[in-house]
Amino acid sequence: MKKPTAQKVKITERAAFQRINRTLHKQGENLRTARTQRAEAAMGRHYIVDTKRKAVIADHVDLEKLGRKLGLIEPWEEVA
């Protein structure tokens with residue numbers, strides 16, 4: 001008899017973005033989305049800004065990887 005495969009619960013990109021941003025805000029950082037194609041080419045779709053220094057501290061951010069690293073996305077969840 002085959003073992004059933006575990007299905008993952010899908011969360012939206014927006015939900016992951018909000019979870020991460022709430023956590024980063026406590027550290028004085030903000031997760032942003034590039035608005036133009038030029039900005040997206042330079043920094044990726046998502047990037048992190050230090051609000052105190054007003055400087056980009058991380059670019060080309062993968063929401064799912066960052067969410068898992070921060071413990072905000074559970075093993076049974078995936079970003080859709």
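# A friendly walk through the fold

Author: In this predicted model, helix H1 lies across strands E2 and E3, running at about 155° to E2. Ask away, and we can build the picture from there.

Reader: Nice start. What is the order of the strands in the open sheet?

Author: The sheet is open and has three strands, with antiparallel pairing. Strand E2 (29–33) and E4 stand at the edges, each with a single partner strand, so one side of each has no neighbour in the sheet. Neighbouring strands are turned by 45° against each other on average, direction ignored. The order is E2-E3-E4.

Reader: How many bridges join E3 to E4?

Author: Strand E3 covers residues 46–50 and strand E4 covers residues 55–58, and the two run antiparallel. One of the facing pairs is Val-49, which stands opposite Val-56 in E4. The number of bridges joining E3 to E4 is three.

Reader: Which residue in the turn of that hairpin has a positive phi?

Author: E3 and E4 form a hairpin with four residues between them. At the E3 end, Asp-50 has Ala-55 in E4 as its bridge partner. The turn residue with a positive phi, about 55°, is Lys-54.

Reader: Asp-50 has caught my eye. Which residue's side chain meets that of Asp-50 in a salt bridge?

Author: Asp-50 is buried, with a relative accessible area of 13%, which falls under the 20% limit for that class. Its salt-bridge partner is exposed, at 58% relative accessible area. The two side chains meet at 3.0 Å, N to O, and the partner is Arg-53.

Reader: How many salt bridges does the structure hold in total?

Author: In general, side chains of opposite charge can pair when their charged atoms come close. Here, the pairs include Arg-53 with Asp-50 and Glu-64 with Arg-68. The structure's total is four.

Reader: How far apart in sequence are the parts that the salt bridge of Arg-45 and Glu-13 ties together?

Author: The side chains of Arg-45 and Glu-13 meet at 3.3 Å, N to O. Arg-45 lies in the loop between helix H2 (37–43) and E3, whereas Glu-13 belongs to helix H1 (residues 13–26). Arg-45 is partly exposed at 43% relative accessibility, and Glu-13 is partly exposed too, with a relative accessible area of 31%. The pair therefore ties together parts whose separation in sequence is 32 residues.

Reader: And what separates Glu-64 and Arg-68 within helix H3?

Author: Their side chains meet in a salt bridge of 2.9 Å, N to O. Glu-64 is partly exposed at 25% relative accessibility, and Arg-68 is partly exposed at 31%. Because the two are four residues apart in helix H3 (residues 63–69), the separation is about one helical turn.

Reader: Let's go inside. Which element gives the largest share of the largest nonpolar core?

Author: As a general tendency in soluble globular proteins, nonpolar side chains are buried together. In this model, the largest nonpolar core has eight residues: Phe-17, Ile-20, Leu-24, Leu-31, Ile-48, Val-61, Leu-63 and Leu-66. The elements that give two or more residues to this core are H1 and H3. The largest share, three residues, comes from H1.

Reader: Which residues does Phe-17 contact, leaving aside its neighbours within four places in sequence?

Author: Phe-17 belongs to the largest nonpolar core, as do Leu-31 and Leu-63, and both of these are among its contacts. The full list is Leu-31, Arg-32, Thr-33, His-46 and Leu-63.

Reader: His-46 turns up there. Is His-46 buried or exposed?

Author: His-46 has its place in strand E3. Among the residues that His-46 touches are Glu-13, Phe-17, Asp-59 and Val-61. The relative accessible area of His-46 is 6%, which classes this residue as buried.

Reader: What is the length of the polar contact that joins the side chains of His-46 and Thr-33?

Author: The side chain of His-46 makes a polar contact with that of Glu-13, at 3.4 Å. Glu-13 also takes part in a salt bridge with Arg-45. For the side chains of His-46 and Thr-33, the polar contact is 3.3 Å.

Reader: One last residue: what is the relative accessible area of Asn-30?

Author: Asn-30 lies in strand E2. Its contacts beyond four places in sequence include Asn-21, His-25, Tyr-47, Ile-48 and Val-49. Asn-30 is buried, and its relative accessible area is 17%.

How values were computed: Residues are numbered from 1 along each chain as its sequence is written. This is a predicted model: local features need pLDDT of at least 70, side-chain atom pairs count only at pLDDT 80 or more; totals for chains, interfaces and linings use all residues. Side-chain values use heavy atoms; hydrogens and water are left out. Two strands pair if DSSP finds at least two bridges between them. Buried means under 20% relative accessible area, exposed over 50%, partly exposed in between (1.4 Å probe, protein chains only). A nonpolar core is a set of buried Ala, Val, Leu, Ile, Met, Phe, Trp, Tyr and Cys residues joined through side-chain atoms within 4.5 Å. Contact means heavy atoms within 4.5 Å. Axes are lines fitted to C-alpha atoms, for helices over the stretch in contact, and angles run from 0 to 180 degrees between N-to-C directions. A polar contact is a pair of N or O atoms within 3.5 Å; within protein, one must be able to donate a hydrogen and the other to accept it, and residues adjacent in sequence count only if both atoms are side-chain atoms.
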